[in-house]
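Good morning. I will take a few minutes on one structure, and I will keep to how some of its helices pack and where empty space is left.

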Amino acid sequence: MVMFDVVFQLLVLLFSKVKMVVIYQVTFFSGDATHSSTFNDVFLTLVGTESSSERTKLSRFFKEKMLTFEVKYPEPIGQILVIKLEKLHHLLLNQPWFLAKIELKSLAGKIYQFPVYQWITDCEEHCFREGKAALNFDDSNSLLKNYRKHELEERQKVYCWDQYKKMLPYCMKAESFKSLPLDVRFSTTKEVEMGYTAAKALIELRIEELAECKTKWESMEDIDRLYRCHRTDISDYVHAHWKEDAFFGYQFLNGIHPMMIQRCETLPPNFPVSDQMVFSNSPLHLGDEMKNGNIFLCDYKILDGVKANIINKKQQYVVAPLVLLHKTPENQMMPIAIQLQQTPGKKNPIFFPTDSKWDWLLAKTFVRNADFNVHELSAHLLRTHLLAEDFAVAVLRNLPMVHPLYKLLIPHTRYTLMINFLARKLLISENGVFTKFASSGGDGMFSILSRSISSVTYRSLCLPDDIADRGLEDVPNFYYRDDGLKLWNIIHRFVQGILVFYYKDDKMVQKDSELQAWIKDIFQKGFLGNKDTGVPEKLDTVDELVKFVTMVIFTCSAQHSAVNSGQYDFDGWMPNTPVSIDLPPPTTKGTADEAMLLRAFPHINTTVNGMATVWLLSKQSTDSVFLGNYPEELFTEDIPLQKKRAFKEDLMKLSEEINQRNEHLDLPYIYLDPKLVENSVSL
Ligand code: FE2
């Protein structure tokens, strides 16, 4: 078809008795984004294999979503490689223009697609390549090589690395959210909705007057009244079952933090639980149950010695508990022992379900607050948000638009730089909500983050490895694992289908210098060059590449959904997940009662601000893009398009499977239903 097009142009030139004219139809597609059109005139130049066209002025108001021009040139241009565009400077109106794509149709009927999907904000020359993906060594044309190099040089001036705190992964340098490039900012829809939600959260929850109330809760009924302002089906289930041991255990598998639990084959030396303590009235033995794989442990040693916050001028408390769980013959995950601090001793009693109901419930409440701190800082902020930002900046700095990995990964970076900028500004800054209202807010928060970074390994980010390493392959009713592994496999199949089309053998991976620069940047900036993480600093084989890219897409989409979307569901009823704890951990048994539990709960204003924040962070915007949807047509070749369609079909089948399974569950597990999983970390 390409040859035919060139020959057609030459034939017309040879046999025409009139002066040769080469005609193209050029169609501009402006984006759906609000204010995406431009008043400015545009200069167009076509660069082909034979020659370049003259610079042609196109004068019309680019307000329509689709606008077609006919351009005529006296010379044949050959196969079109690049389109150059410039907006003409206008004295008064220089509004940014969101250009989605350009389509070029030759007289012979050949259609060239030029994906853009960028804001054009200045009047400089911008070059866009034809949609067919190409690796750097595929480009034999020196012109194309230069465009490729120039594109990356320009992007590296805009997307610069910065470090918010010395021990944290690097982030995107930005002084204010307005200094972020338009390409990575929220759409107007998202900006308006999120701003509205943030401003109105307390009002909408009808709890505005309580946000400044620095007193203690006087009764469970008062907390209940607050909760009734805003409920979900799942939060209602939590509200009804939060005291039950089976539900306490269930949350380690299918709550919003399924990352703590692991099979226990030997007890840690600092957790002296005996047979007598946990199986005194049972024929079972702890040693046998451990051998049989029925004992599980959640160890919050990462919180040991963490400095707790001071809220409303009152010292708060963070404990570092150990929780032992038993998988019963009825397949329930029941807690059987809780020690609230790491160092065993008389003043650090081990609590059991056989203790008084208030002693046991108070111990479980301390654990739930410990879990909240590790969940939000390690599983959510660090392992999804901050890593997703590193993946995004590394793509933008190292891969040109024409690179297949850019086309594959950029949809999975949508809004991530902006939401992380806001998280640093509004959640963990000096006056951030987490800093002010969480028991670990302040210095403690950064200790936890720093320790969490040391615990991140490549295997722990790859779900199949993580499940195997935690010994959880055969735990029953573990829906996070079941749905997650199916999603991992579907993403892996999709990534493999796309990448083997471009990388025919391992040598191609090894000699792709852009790809190697991308992985090196992630290793150095995201994982701070720590070889102990097992994160690759270079890639040698197609299989290694496919696995790493699967991990990137899984982390940005599925894993973030698993730890993000249920925040209000599980934390909205405060007694299930207090954001802070106002009493020191008990040193003796037999003193707890309902009044003590109420004293342990955070103050009213702390509760209300925590509740409003998790509500805001659970609210998807109306312009969310869900997994498998690629509204931007970055790939134009048949094979990647086929793989995209197959990916979507696989995801729809999984969604149906999950929905059928959920119909038979008292509490459906919905967070990995592909229909609810967003493509990127955007919330
Ligand atoms: Fe999030």
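I start with the empty space. The model is a predicted one, and 9 cavities of 30 Å³ or more are found in the structure. The largest cavity holds about 100 Å³ of space.

What lines the largest cavity? Its lining consists of M259, A379, R383, S460, L461, C462, L463, D466, Y480, F554, T555 and Q559. Sorted by class, that lining comes to 7 nonpolar, 3 polar and 2 charged residues. Four helices each give at least two residues to it: helix 9, helix 14 (458-461), helix 15 (463-469) and helix 19 (542-564). Helix 19 contributes the most, namely 3 residues.

Two of those helices, helix 9 and helix 19, also pack against each other, so let me turn to that pair, because their axes cross at an angle that counts as roughly antiparallel. The axes come within 10 Å, and the crossing angle is roughly 150 degrees. Anything over 145 degrees counts as roughly antiparallel, and that is why helix 9 and helix 19 are described this way. Their crossing is left-handed.

On the helix 9 side, the contact involves H375, A379, H380, R383, T384, H385, A388 and F391, and on the helix 19 side M551, V552, T555, C556, Q559, H560, V563 and N564. By class, these residues split into 7 nonpolar, 8 polar and 1 charged. You may recognise some names: A379, R383, T555 and Q559 belong to this contact, and they are also in the lining of the largest cavity.

Next, another partner of helix 9. How do helix 9 and helix 11 cross? Helix 11 covers residues 416-426, and its axis comes within 9 Å of the axis of helix 9, at roughly 135 degrees. The two helices are therefore oblique to each other. This crossing, too, is left-handed. Helix 9 brings H385, L386, A388, E389, A392, V393 and L396 to the contact, while helix 11 brings T416, L417, I419, N420 and R424. The classes here are 7 nonpolar, 3 polar and 2 charged.

The third partner is helix 6, residues 245-254. Helix 9 itself spans residues 357-398. The axes of helix 6 and helix 9 come within 12 Å and cross at roughly 15 degrees, which means that helix 6 is roughly parallel to helix 9. Here again the crossing is left-handed. D245, F248, Q251 and F252 of helix 6 touch W360, K364, V367, R368 and D371 of helix 9. That contact is made up of 4 nonpolar, 1 polar and 4 charged residues.

Last, a pocket. How much space lies in the second largest pocket? The figure is about 870 Å³. It has 41 lining residues, and those closest to its centre are L426, L427, V433, T613 and L616. Helix 9 appears once more, as one of the elements that give two or more residues to this lining; the others are helix 3 (188-204), helix 11, helix 12 (433-437) and helix 22 (604-617). In terms of class, the lining has 28 nonpolar, 9 polar and 4 charged residues.

To sum up, helix 9 takes part in the lining of the largest cavity and in that of the second largest pocket. Helix 9 is roughly parallel to helix 6, oblique to helix 11 and roughly antiparallel to helix 19. That is what I have for today.

Definitions and conventions. Residues are numbered from 1 along each chain as its sequence is written. This is a predicted model: local features need pLDDT of at least 70, side-chain atom pairs count only at pLDDT 80 or more; totals for chains, interfaces and linings use all residues. Side-chain values use heavy atoms; hydrogens and water are left out. Axes are lines fitted to C-alpha atoms, for helices over the stretch in contact, and angles run from 0 to 180 degrees between N-to-C directions. Angles under 35 degrees count as roughly parallel, over 145 as roughly antiparallel, 65 to 115 as roughly perpendicular and the rest as oblique. A crossing is left-handed if the near helix is turned anticlockwise from the far one by less than a right angle, and right-handed if clockwise. Contact means heavy atoms within 4.5 Å. Ala, Val, Leu, Ile, Met, Phe, Trp, Tyr, Cys and Pro count as nonpolar, Asp, Glu, Lys and Arg as charged, and the others, Gly among them, as polar. On a 1 Å grid over the protein atoms alone, a cavity is a set of points where a 1.4 Å probe fits but cannot get out, and a pocket is an open set with protein on both sides within 12 Å along at least five of seven lines; lining residues have an atom within 4 Å of a point. Grid points are joined across faces, edges and corners, and a volume is the space filled by probe spheres set on the points.
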